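Subject: Structure for you to look through

Hello,

Here is the structure I said I would pass on. Please open it first, then read the notes below alongside it.

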Amino acid sequence: MREVTAYTWVPDFAQGFVKDLRVRWALEEAGLPYTERLIDHQQKLMPEHLARQPFAQVPVYRDDEVELFESGAIVLYIAEGSPVLMPEDSAARARVMSWAFAALNSIEPHVANVTGTQLFHNEALWAAGYLDKEQQMMNGRLKRLSRWMEGREYLEAERFTAADLLMASVLRELERSGSFERFPDLAAYCERCTSRPAFSRALEAQLKVFAAAEAPAGF
Ligand SMILES: N[C@@H](CCC(=O)N[C@@H](CS)C(=O)NCC(=O)O)C(=O)O
């Protein structure tokens with residue numbers, strides 16, 4: 001039994017970007033079937049859900065052995081048992097960990113600051129100045145990532161791993177913000193990862209849920 005908790009519905013801007021997508025993608029890459037447990041935005045605040053995800057978010061993952069929250073931890077857990085997502089060699093596995101944390105800790109906060117400001121605060125008086133500074137910070141990180149990627153197809157060597165899954169999940173947020181224009185190499189890398197059939201299946205599975213749902217009153 002493998003179960004992924006996700007939302008019944010999210011607003012348009014979030015559809016295709018909710019973080020259960022990373023988990024679905026990892027499961028698809030690993031060839032592991034799963035079921036969905038769908039909750040709404042009231043249920044995420046209930047004690048039952050908070051006992052599983054202390055921050056009232058999704059995803060949550062459960063199988064016969066573990067119950068986990070945090071998409072990065074879940075992806076790495078799935079990757080542990082999948083040769084598609086994790087190399088065999090122990091040093092190479094450790095490098096995948098390094099890059100997984102780099103994606104979530106060194107890149108994602110900057111991407112989130114920029115895309116979050118654009119999505120939620122674009123009209124605010126302070127937004128332009130803040131966005132300018134945050135974009136500079138983010139571009140600094142992307143420039144260093146771009147240098148690292150010179151001559152590489154994937155983060156570590158020639159093969160796709162869980163680290164690429166996480167990095168591409170973070171970078172694809174930039175497709176809609178125009179921030180990729182300065183980094184065509186990173187855009188190509190992201191496309192290389194998301195053109196994998198497993199990603200398409202995961203995206204389709206998330207979007208199918210929203211297509212079948214009705215927006216709650218007030219949206
Ligand atoms: N660090 C968490 C973040 C999870 C997260 O941001 N979940 C969002 C959906 S993508 C959520 O449930 N937001 C609802 C909320 O924060 O109230 C992870 O990677 O799992």
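**Strands**

Strands β3 and β4 make a hairpin, with three residues between them. Please keep in mind that this is a predicted model.

The hairpin strands, β3 and β4 (residues 67–69), are antiparallel and are paired through three bridges. Within this pairing, Arg62 is opposite Glu67 of β4.

β3 (residues 60–63) also pairs with strand β1 (residues 2–7), again in the antiparallel sense, and four bridges join the two. To find this pairing on the screen, start from Arg2, whose bridge partner in β3 is Asp63.

**The loop before β3**

Two backbone features sit in the loop between α2 and β3. The first to look at is Ala56, which lies in that loop. Ala56 is not a glycine, yet its phi is positive, at about 60°.

The other is Pro59, found in the loop between α2 (47–50) and β3. The peptide bond that leads from Val58 to Pro59 is cis, and its omega is near 10°.

**The ligand**

Where does the ligand sit? The space it takes up is the largest pocket.

Which residues are around the ligand? They are Tyr7, Val18, Lys19, Lys44, Ala56, Gln57, Val58, Pro59, Glu70 and Ser71. Ala56 and Pro59, described above for their backbone, are thus listed here too. Sorted by class, this shell holds five nonpolar residues, two polar ones and three charged ones.

Three side chains place polar atoms by oxygen atoms of the ligand, as follows:

- Tyr7: a polar atom of the side chain is 2.5 Å from a ligand oxygen.
- Lys44: an N or O atom of the side chain is 3.1 Å from a ligand oxygen.
- Gln57: a polar atom of the side chain is 3.1 Å from a ligand oxygen.

How much of the ligand does the protein cover? On its own, the ligand has 510 Å² of accessible area, and the protein covers 71% of that.

When you go through the model, I suggest taking the strands, the loop and the ligand in that order.

Regards

Terms used. Residues numbered from 1 in each chain as written. Predicted model: local features only at pLDDT ≥ 70, side-chain atom pairs only at ≥ 80, totals over all residues. Heavy atoms only, no water. Pairing = 2+ DSSP bridges. Near = heavy atom within 4 Å. Polar contact = N/O pair within 3.5 Å; in protein donor to acceptor, adjacent residues only side chain to side chain. Areas by Shrake-Rupley, 256 points an atom, 1.4 Å probe, with all protein chains shown as cover. 1 Å grid on protein atoms, 1.4 Å probe; cavity = no way out; pocket = protein on both sides within 12 Å on 5 of 7 lines; lining within 4 Å. Sits in = over half its atoms within 2 Å of the grid points. Nonpolar A, V, L, I, M, F, W, Y, C, P; charged D, E, K, R; others polar.
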